[in-house]
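Trainee: I should like to learn how to read a protein model, feature by feature. May we begin with a helix and then proceed to sheets and cores?

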Amino acid sequence: MNFLFERFPNLEKRLAHVSLGKFPTPVFPMNQLETQLGECKLFLKNDGVSGSLYGGNKIRKLEYLLGDVIKKKAKEILTFGAAGSNHALATAVYADKFNIPCTAMLLAQPNADYVRQNLKKSYASHSRLRHYNSERAMYIPLAARVIHRFFSKGKFPYIIWPGGSAPLGTIGYVNAGLELKAQIDEGLLPEPDKIYVPMGTMGTAVGLAIGLKTAGLKSQIVAVRVVEAHMGNEQKFKRLFQKTIALLRSCDNSFPDLVLDQGDVVITHDFFGEKYALFTKPGMAAVELMNKEQGIKLEGAYTGKTLAALIDIAASKGLRNETILFWNTYNAIDFSDSINGVDYKDLPVAFHRYFEEEVQPLDR
Ligand SMILES: *Cc1c(COP(=O)(O)O)cnc(C)c1O
C-alpha cells in the first residue's frame, strides 16, 4: 500500500519504486513501558518488521533507491557506511535479491556484537566489503577516490550515499508519514503529540516531517541526534527538507510547497555521547528497559539513545498526559540462521579485527 502514490498519482508515473517490504508496519500501545514513564500514552511504530529478509528504516528508502537502480539498468551499486552499517547491510540484502552486485565502502567504528552479525550477513548477501581504517567521516575525499577508481576501470556504479538519505530515499519516509495518518484515521492510535525518532543521516526524520505536514498532522518530531554534529544538524535538516520537496514537486507540481515551521521538529543533541556507535549508559539502560517491559529489542547506536531521551524527559519534566509515538527504526528480523555457516576468516582481512578484538565495554 503506497499512500503517497495514491494521493499524488503523478508521482507514481515519475518515480521508480520497487516493493521490498510489508506496509503498513504495525503500530501498538506499550502499556507496560507507559506505566514506567508515567502520565502519558505511549505507542510504538514498528518498522523493525518492514521487510521479511531484513527490516528497519532503510527498507522504505531502498524501495525508491533500488527502483531507480533497476529503472536505470545500473550494473552495480556502490554504497557507504560504518563497518556495522545497517544501511550497507540492507542494501546488500535487497540488491542481492535482484542479483545486483553491491560494493560497500565501510569506515572503522567502535566494535560491537551487531557489527559482527551485520558483517557476516553482508558477506552472506554477496556484498563486496572494503574497509577504510578511519573513524573520521571524511566521506567526500574518500568517496571521491573510490569512485574515481571505478570510473578509471570503465565502471559506473549507482552510488547510494550513507544511510540512503538522498532526497529520493527520503521519500520513503514521506510515505511513512501518510501511512501513520491512515492508521490514526483507522483508530489504531490518537494523533501523537510527539514522535521520537533517531537522527543519523536524517532521511528518516526529514521524510517524516514532510509526510506529517502533507497529511495535516501536527505531531512534533523529536529527532535524537546519534551521529557527529557535522553530519546531522538543523541546517542540513532544512536543506534535505527543501531538496526533497523540490524533487517531489518536480515530479508532481500539485505536491504542496511546504516550509519547515518552528516547532515542527526539535533536534536533541544531548544523548549522542562521545562518538557514533559508541554506546552510552543511559542508552543501554533504555535498551534494557524496553526489553524487560515490552520484549522489544533495541540497540545501542540509534534506538537506545533515542529512548534514553524520552526517559530523561519523563523523569525530569514529566510527560503531562501527552500521546507519544516511539518509532522503532531497528531491524527486528532474526537472521542468525542465515549466517551460521559464515566463518569470519572468509571476510577480507581488514574486518577480522571486529571478530578478534573485544567489543566495547557497554556491549559485554
Ligand atoms: C540508519 C538508522 C537510523 C538513522 O536513520 P537516518 O535516516 O540515517 O537518520 C536510525 N536507526 C537505525 C536502527 C538505523 O539503522
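Trainee: What span should the 12 residues of α5 have, and how far apart are its end C-alpha atoms?

Mentor: Please keep in mind that this is a predicted model. With a rise of 1.5 Å a residue, the 12 residues of α5 should span 16 Å, and the end C-alpha atoms lie 17 Å apart, which agrees.

Trainee: Is α5 largely enclosed or largely open, and why?

Mentor: A residue counts as buried when its relative accessible area is under 20%. Helix α5 is largely enclosed by the rest of the structure, because 10 of its 12 residues are buried. The buried residues are N86, H87, A88, L89, A90, T91, A92, V93, Y94 and A95.

Trainee: Against which elements do the buried residues of α5 pack?

Mentor: A general idea helps here: an α-helix has 3.6 residues a turn, so residues three or four places apart point the same way. In the present case, the buried residues of α5 pack against α4, β3, β4, α6 (113-124) and β6.

Trainee: What is found at the start of α5, and what just after it?

Mentor: At the start, a side-chain oxygen of S85 comes to within 3.1 Å of the backbone nitrogen of H87. Just after the helix, N99 has a positive phi of about 55°.

Trainee: Let us turn to sheets. What is the order of strands in the open sheet of four strands?

Mentor: Strands of a sheet pair through backbone hydrogen bonds, either parallel or antiparallel. Here the order is β5-β4-β3-β6, and the pairing is parallel. The edges are formed by β5 (128-132) and β6 (158-160); each has a single partner strand, so one side of each lacks a neighbour in the sheet. Ignoring direction, neighbouring strands of this sheet are turned by 20° against each other on average.

Trainee: How many bridges join β4 to β5, and which residue stands opposite H131?

Mentor: Strand β4 (residues 102-107) is joined to β5 by five bridges, and the two run parallel. The residue opposite H131 of β5 is L106.

Trainee: How do α4 and α5 lie with respect to this sheet?

Mentor: Helix α4 (residues 58-71) lies across β3 (77-82) and β6, at about 165° to β6. Helix α5 (residues 86-97) packs on the sheet and touches β3, β4 and β6; its direction makes about 150° with that of β3.

Trainee: Which residues of β10 lie on each face, and are they buried or exposed?

Mentor: In a regular strand the side chains alternate between the two faces of the sheet. For β10, E322, I324, F326 and N328 are on one side, T323, L325 and W327 are on the other, and all are buried. The strand, residues 322-328, is thus described as mostly covered, with seven of its seven residues buried.

Trainee: Which strands pair with β10?

Mentor: Strand β2 (residues 40-46) runs parallel to β10 and is joined to it by seven bridges. Strand β7 (residues 194-199) also pairs with β10 in the parallel sense, over three bridges. I324 in β10 is the bridge partner of L42, and K194 stands opposite I324 as well.

Trainee: What lies beside β7 apart from β10, and how many bridges are there?

Mentor: Six bridges join β7 to β8 (residues 220-225), and these strands run parallel. In β8, Q220 is the bridge partner of K194. Six of the six residues of β7 are buried.

Trainee: How many residues has the largest nonpolar core, and which have the most contacts inside it?

Mentor: This core has 116 residues, and L4 and F255 have the most contacts inside it. Its largest share, eight residues, comes from helix α8 (residues 167-185). Another core, of 10 residues, lies apart from it and includes L78, F80, M105 and I147. Leaving out residues up to four places away in sequence, L4 touches L11, Y64, I171, V174, N175, L178, L248 and F255.

Trainee: Are T170 and M1 buried or exposed?

Mentor: T170, in helix α8, is buried with a relative accessible area of 1%. M1, in the segment before α1 (3-7), counts as exposed at 56% relative accessibility. Beyond its neighbours within four places in sequence, M1 is in contact with E6, F23 and N175.

Definitions and conventions. Residues are numbered from 1 along each chain as its sequence is written. This is a predicted model: local features need pLDDT of at least 70, side-chain atom pairs count only at pLDDT 80 or more; totals for chains, interfaces and linings use all residues. Side-chain values use heavy atoms; hydrogens and water are left out. A nonpolar core is a set of buried Ala, Val, Leu, Ile, Met, Phe, Trp, Tyr and Cys residues joined through side-chain atoms within 4.5 Å. Buried means under 20% relative accessible area, exposed over 50%, partly exposed in between (1.4 Å probe, protein chains only). Contact means heavy atoms within 4.5 Å. Two strands pair if DSSP finds at least two bridges between them. Axes are lines fitted to C-alpha atoms, for helices over the stretch in contact, and angles run from 0 to 180 degrees between N-to-C directions. The expected span of a helix is 1.5 Å times one less than its number of residues. A polar contact is a pair of N or O atoms within 3.5 Å; within protein, one must be able to donate a hydrogen and the other to accept it, and residues adjacent in sequence count only if both atoms are side-chain atoms.
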